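Reader: I'm new to this one. Can you walk me through it, a piece at a time?

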Amino acid sequence: VFAAGRRLTVPGTGRALRLRLTALRLDPEPLGLAVGQLGDVTVEATDVVWRTITFRSAVLVARNVHVRPQPVPTAVAAPVTLDVVVDPAVVRDRLAASHPALRLSIHEDAPHARAHWARHPGWGWVGLKPEITTTALLLRPTSLCVRGRALALPGWLPTVRVRLPQLPRGLRLRDVEVTDRADPAI
């Protein structure tokens, strides 16, 4: 039974994954369905919580989903993509925990995040471009503004490193985008 709008705890996660299901779309071919071919499956959710991390929304797209007829039937798919939208406040809190002297902000006119000195946020900011490694979010300095004036970026500014939480087995973060809109991922 499709449970759109209901809060669900995903089985097999030890109650670590909870979400509000908003859409479930299947694209089966009639002949393929007879032999266990489901085609593409899209799952959309909001209010997603993985352990202690909250996401605004998530969209999972599984392509070429089919059931392998084994002693225990197994569903397989490839490729599978997962896009998540993280509230900027979550990233801000993680940065503040690891780098208390910095405050993060997102602005619609800037394609990158901005870091302000926590003691004097009005003095200016450093533009930060996010990059991903296997274990961390790197915030690389790209621009500098002091009291409203753009200045040349000193070469000694270090990259800010924010450790990523352990992801579920088989999941790998490949890209990150910064925006203040509610739909793309941060």
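Author: Sure. Leu60 is a good place to begin: its relative accessibility is 30%, so Leu60 counts as partly exposed. Keep in mind that this is a predicted model.

Reader: Where is Leu60 found?

Author: In strand β4.

Reader: And which residues is Leu60 in contact with, leaving aside neighbours within four places in sequence?

Author: Two runs of residues. One is Val41, Thr42 and Val43; the other is Val80, Thr81 and Leu82. Take Val41: 19 residues separate Val41 from Leu60 in sequence, and their C-alpha atoms are 8.1 Å apart in space.

Reader: Let's stay on that strand. Is Ser57 buried or exposed?

Author: Buried. Ser57 is also in strand β4. Its relative accessible area is 19%, and the cut-off for buried is under 20%, so Ser57 counts as buried.

Reader: What does Ser57 touch, beyond four places in sequence?

Author: Ala45, Thr46 and Val48 are in contact with Ser57, and so are Asp83, Val84 and Val85.

Reader: I see a His66 too. Where is its place?

Author: Strand β4 again. The His66 side chain reaches the backbone oxygen of Asn64, at 2.9 Å. Not counting residues up to four places away in sequence, His66 touches Gly36, Gln37 and Leu38, plus Thr74, Ala75 and Val76.

Reader: New topic. Which residues in helix α2 are buried?

Author: Pro88, Val91 and Leu95; the helix covers residues 88-98. These three lie on the same side of α2, because they cover an arc of only 65 degrees around the axis.

Reader: What about the other side of α2?

Author: Asp93 and Ala97 are exposed there.

Reader: And what do the buried residues of α2 pack against?

Author: Four strands: β4 (53-68), β7 (102-106), β10 (136-146) and β12 (160-163).

Reader: Now the core. How many residues are in the largest nonpolar core?

Author: It has 27 residues. Val48, Leu137 and Leu139 touch the most other members.

Reader: Pick Leu137. Which residues is it in contact with?

Author: Neighbours within four places in sequence aside, Leu137 is in contact with Val91, Pro130, Glu131, Ile132, Val160, Arg161, Val162, Leu164 and Val176. You met Val91 earlier, as one of the buried residues in α2.

Reader: Any aromatic pairs? How many does the structure hold?

Author: Just 1 aromatic pair. Trp117 and Trp123 form it, and the pair is tilted. The ring centres are 5.4 Å apart, with 55 degrees between the planes.

Reader: Why give both a distance and an angle?

Author: Because a pair of aromatic rings is described by the distance of the centres and the angle of the planes.

Reader: How accessible is Trp117? And Trp123?

Author: Trp117 is partly exposed, at 37% relative accessibility. Trp123 is partly exposed as well, with a relative accessible area of 40%.

Reader: What sits over the ring of Trp125?

Author: The charged end of Arg114, 3.9 Å from the ring centre.

Reader: Last stop. Where is Leu157 found?

Author: In the loop between β11 (149-151) and β12. At 23% relative accessibility, Leu157 counts as partly exposed.

Reader: Which residues is Leu157 in contact with?

Author: Val126 and Pro141, leaving aside neighbours within four places in sequence. As for Arg140, its C-alpha is 8.8 Å from that of Leu157, and the two residues are 17 apart along the chain.

Technical notes. Residues are numbered from 1 along each chain as its sequence is written. This is a predicted model: local features need pLDDT of at least 70, side-chain atom pairs count only at pLDDT 80 or more; totals for chains, interfaces and linings use all residues. Side-chain values use heavy atoms; hydrogens and water are left out. Rings of Phe, Tyr and Trp (its six-membered ring) pair if their centres lie within 6.5 Å; planes under 30 degrees apart count as stacked, over 60 as edge-to-face and the rest as tilted. Buried means under 20% relative accessible area, exposed over 50%, partly exposed in between (1.4 Å probe, protein chains only). A charge sits over a ring if NZ of Lys or CZ of Arg is within 6 Å of the ring centre and within 35 degrees of the ring normal. A nonpolar core is a set of buried Ala, Val, Leu, Ile, Met, Phe, Trp, Tyr and Cys residues joined through side-chain atoms within 4.5 Å. Contact means heavy atoms within 4.5 Å. Helices (H or I, at least four residues) and strands (E, at least two) are DSSP runs, numbered from the N terminus. The arc is that of the directions from the helix axis to the C-beta atoms. A polar contact is a pair of N or O atoms within 3.5 Å; within protein, one must be able to donate a hydrogen and the other to accept it, and residues adjacent in sequence count only if both atoms are side-chain atoms.
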